[in-house]
Amino acid sequence: MNTVLRINGVRHDYRGRTALRDVDLALPVGVTALLGPNGAGKSTLLGLLSTVLSPQRGRVELNGLDPVRDRRRYRESIGFLPQRFTAPDQLTVAEFVTLSAWWRRVPRRERGPAVERALEATGLGERATSKVGELSGGMLRRLGIAQALVNEPPVLLLDEPTVGLDPRQRNALREVITELGAEHTVLLSTHLTEDVAAVAERVVVLDEGRVVADSTLAELTGEETSTASSLEAVYERLLGVGVPT
Ligand SMILES: Nc1ncnc2c1ncn2[C@@H]1O[C@H](COP(=O)(O)OP(=O)(O)OP(=O)(O)O)[C@@H](O)[C@H]1O
C-alpha cells in the first residue's frame, strides 16, 4: 500500500472531553470512507488533517510534510470541503473558483486552465457563468469540491458531502467522488452506508474517538462487491447499536 497520508498516535481533547484517542491510520490513493455515529470524532479528525485544529498529541504526515513545520506546503497539498460549505451568492461559479485558485497560489497564467479542469472534474463546466446563489444544493457541494481541487492537491477531505441532497444529486456527487479517487487520496466522512458502498475502497469506522475498523470494504463485509445492507450489518455489530442516523 502506497501511503500518502499517515496519522500516528493522534489524540484530541476539548476541555476535558476526549474526541480522538490514539488514532493510527495510513491512507493510500483512492476513496476511504470515514464512518461513525454522531460524536465519534470524524469532524475532529478532518479538522486536524485540514489544519483547522492544531495537533495536541501524535503525528500527521502527508508525503513527508508536517502540518506544523511545513504548514504552507502541507496546506497546499490538502483540499478541504467543510461540512457547512458556503460561497458568496453574487459571484459566478468561475469567479469563485478563480478566487480559490488565487488563494491556493496557482500561478496567474495557470489559473484559467486550472479553473476549467476543476469545473470539468465536478461536472460544473456548463455552469461557469451561473451565480453561486442560483445553484442547487448538489451543485453548491460540487462547487465546494471544485475549489478544493483547483490547485490539484494529492489529498481531498470531504466532510459529509452528501448530507441534505436528493437521490439524484447524491448519485451525481458519488460519481464525481469515485472519479477523483482514481488519482487522489480522498477521505470521505459520512453517515450513509450507501455512500460507502457506492464510492469507497477502504473504510475506517470511528466510535467514541477510537478506530474500531480499518480495512478494505471487501475485507470488512467478506463480499467482493459490498452492499449498503451488508455494510450496515457489520457496522451494527462493530458498534453494538443501530445504524447511524
Ligand atoms: N468545539 C467543541 N467543544 C467541545 N466539545 C466538542 C467540540 N467539537 C466537538 N466536540 C465533542 O467531541 C466529540 C467528537 O465530535 P465530532 O464533531 O468530531 O464528531 P463527529 O463524528 O464529526 O460527529 P457528527 O457526525 O455529529 O458531526 C463529541 O463528543 C463532541 O461533542
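Which residue is the bridge partner of A33 in β8? Hold that thought for a moment, everyone, and thanks for coming. One reminder before we look around: this is a predicted model.

Let's start with strand β3, residues 30-35, which is mostly covered, with 6 of its 6 residues buried. If you follow the side chains, G30, T32 and L34 point one way from β3, while V31, A33 and L35 point the other way. Both sets are buried.

So much for the strand itself; now its partners. Strand β7, residues 185-190, runs parallel to β3, and 6 bridges join the two. If you want a spot to click on, take L34, which stands opposite S189 in β7. Then there is strand β8, residues 202-207, which also pairs with β3 in the parallel sense, over 4 bridges. And here is the reply to my opening: A33 has V203 as its bridge partner in β8.

Next stop, the ligand. Which residues are around the ligand? They are Y14, R17, A19, G36, N38, G39, A40, G41, K42, S43 and T44. Two elements, β2 and α1 (42-49), give two or more residues to this shell. The biggest giver is α1, with 3 residues. As for chemistry, the shell divides into 6 polar, 3 nonpolar and 2 charged residues.

Last, a pair of backbone details for those of you who like Ramachandran plots. Most residues other than glycine have a negative phi. R15 is not a glycine, yet has a positive phi of about 35 degrees. You will find R15 in the loop between β1 (3-14) and β2 (17-28). E160 is not a glycine either, and its phi is positive too, at about 50 degrees. E160 is in the loop between β6 (155-159) and α6 (167-180).

Now, buried or exposed: how does R15 count? R15 counts as exposed, because it has 4 C-beta neighbours inside 10 Å and the cut-off for exposed is 12 or fewer. What about E160, buried or exposed? E160 has 21 other C-beta atoms within 10 Å, so E160 is buried, given that buried begins at 20 or more.

So, if you open the model after the meeting, have a look at β3 with its bridges to β7 and to β8, then at the shell around the ligand, where α1 gives the most, and finally at the positive phi of R15 and of E160. Thanks for listening, and I'm happy to chat!

Methods: Residues are numbered from 1 along each chain as its sequence is written. This is a predicted model: local features need pLDDT of at least 70, side-chain atom pairs count only at pLDDT 80 or more; totals for chains, interfaces and linings use all residues. Two strands pair if DSSP finds at least two bridges between them. A residue is near a molecule or strand if its C-beta atom, placed from the backbone, lies within 6 Å of it. Ala, Val, Leu, Ile, Met, Phe, Trp, Tyr, Cys and Pro count as nonpolar, Asp, Glu, Lys and Arg as charged, and the others, Gly among them, as polar.
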